[in-house]
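Visitor: I'd like to learn how to read a structure like this one, feature by feature. Can you walk me through it?

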Amino acid sequence: MKSKAPSILSGDLVLTGSIVSEGEVQLDGTVDGDIRAGSLIIGEEANVNGEVMAETVVIRGRVSGSVHARQVQLASTARIEGDIVHAALSVESGAFFDGHCRHASDPLSEKSSGGAPASAPKAANKSDDMPPAPGKSSVTSLDPPLASKSSA
C-alpha cells in the first residue's frame, strides 16, 4: 500500500494556475487560480483568488471566489469574499464573510452559476421603471418573464 503524504505549498510560493489533488493540500502561499482537492487547509497568510472545491476545507486566510465543499470551517482569521455552497458549515467568531451562503446535499456537483439569475431581475426592475423611448421597443426575450416574476 502506498501512503499519501499531504502536499504543502509554503508561504513564499506564488502560483498562477489551477491545483488539482485527490489528497490533502496545505496552502500557505498565494494561488491565482482554482483549487480542487480532497482536503484543503488554507493557512493564515495564504491568499486564493479563484474557486475552491474540496470534501473538507479549513480556511484561516483569504479567499476571493466561491467555495464548494461538504464541510467548511471558517477560522477567526478567515476572510472570504464570495459564495459558499456547503453541506456543513462552522464559523468562528471574528471570521469575515461577504457573499451568499447556501446549504446543498451535494455541493461538489453544483456549479457557481446561481449569481447571474439573481442579478438579472435587478436589471429588469431598473428598466421597468423607465418606459421605452417613443418608437423603440425592447427586443430582449427575457424581459417578459423577468417582469412577471419581479411584479409577483
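Guide: We'll go from the overall makeup to strands, the core and then single residues. Keep in mind that this is a predicted model.

Visitor: Fine, start wide. How many helices and strands does the chain have?

Guide: There are two helices and 14 strands. Of the 152 residues in the chain, 29% are buried.

Visitor: And what share of the contacts with a separation of 6 or more comes from residues 24 or more positions apart?

Guide: That share is 10%.

Visitor: On to strand pairing. In which sense do S8 and S10 pair?

Guide: For pairing, you look for bridges between two strands, at least two of them. Strand S8, residues 52-59, pairs with S10 in the parallel sense, over seven bridges. One position to look at is Val-58, which stands opposite Gln-73 in S10.

Visitor: Which strand does S6 join, and how many bridges are there?

Guide: S6 runs parallel to S8, and seven bridges join them. Within that pairing, Ser-39 has Thr-56 in S8 as its bridge partner. Going the other way, S10 pairs with strand S12, residues 84-91, again parallel and over seven bridges. There, Val-67 stands opposite Ile-84 in S12.

Visitor: S8 keeps coming up. How many of its residues are buried?

Guide: Buried means under 20% relative accessible area. Six of the eight residues of S8 are buried, so the strand is largely enclosed by the rest of the structure.

Visitor: Which residues have the most contacts inside the largest nonpolar core?

Guide: A core of this kind is a set of buried nonpolar residues joined through their side-chain atoms. The largest one here has 23 residues, and Leu-40, Ile-59 and Val-63 have the most contacts inside it. Strands S4 (24-27), S6 (35-42), S8 and S10 each give two or more residues to this core.

Visitor: Pick one of those. What is Ile-59 in contact with, leaving aside its neighbours within four places in sequence?

Guide: The partners of Ile-59 are Ile-42, Val-67, Gln-73, Leu-74, Ala-75, Ala-78 and Ile-80.

Visitor: Now polar residues. Is His-68 buried or exposed?

Guide: His-68 sits in strand S10, residues 67-74. Its relative accessibility is 1%, so His-68 counts as buried. A polar atom of the His-68 side chain lies 3.2 Å from the backbone oxygen of Pro-107.

Visitor: What about Ser-66: where does it lie?

Guide: Ser-66 is in the loop between strand S9 (62-64) and S10. With a relative accessible area of 14%, Ser-66 is buried. Its side chain and that of Glu-51 are joined by a polar contact of 3.3 Å.

Visitor: For contrast, is Ala-5 buried or exposed?

Guide: Exposed means over 50%, and Ala-5 has 62% relative accessibility, so it counts as exposed. Ala-5 is in the segment before strand S1 (7-9). The C-alpha atoms of Ala-5 and Glu-24 are separated by 7.6 Å, though these residues are 19 apart along the chain.

Visitor: Last one, rings. How many aromatic pairs does the count come to?

Guide: A pair of aromatic rings is described by the distance of the centres and the angle of the planes. Rings pair if their centres lie within 6.5 Å, and by this rule the count here is zero aromatic pairs.

Visitor: Which residue lies over the face of Phe-96, then?

Guide: That's Arg-79, at 4.0 Å from the ring centre of Phe-96.

How values were computed. Residues numbered from 1 in each chain as written. Predicted model: local features only at pLDDT ≥ 70, side-chain atom pairs only at ≥ 80, totals over all residues. Heavy atoms only, no water. Phe/Tyr/Trp six-rings, centres within 6.5 Å; stacked < 30°, edge-to-face > 60°. Lys NZ or Arg CZ within 6 Å of the ring centre and 35° of its normal. Helix = DSSP H or I, 4+ residues; strand = E, 2+ residues; numbered from the N terminus. Buried < 20%, exposed > 50% of the residue type's maximum accessible area, 1.4 Å probe, protein only. Polar contact = N/O pair within 3.5 Å; in protein donor to acceptor, adjacent residues only side chain to side chain. Core = buried A, V, L, I, M, F, W, Y, C linked by side-chain atoms within 4.5 Å. Contact = heavy atoms within 4.5 Å.
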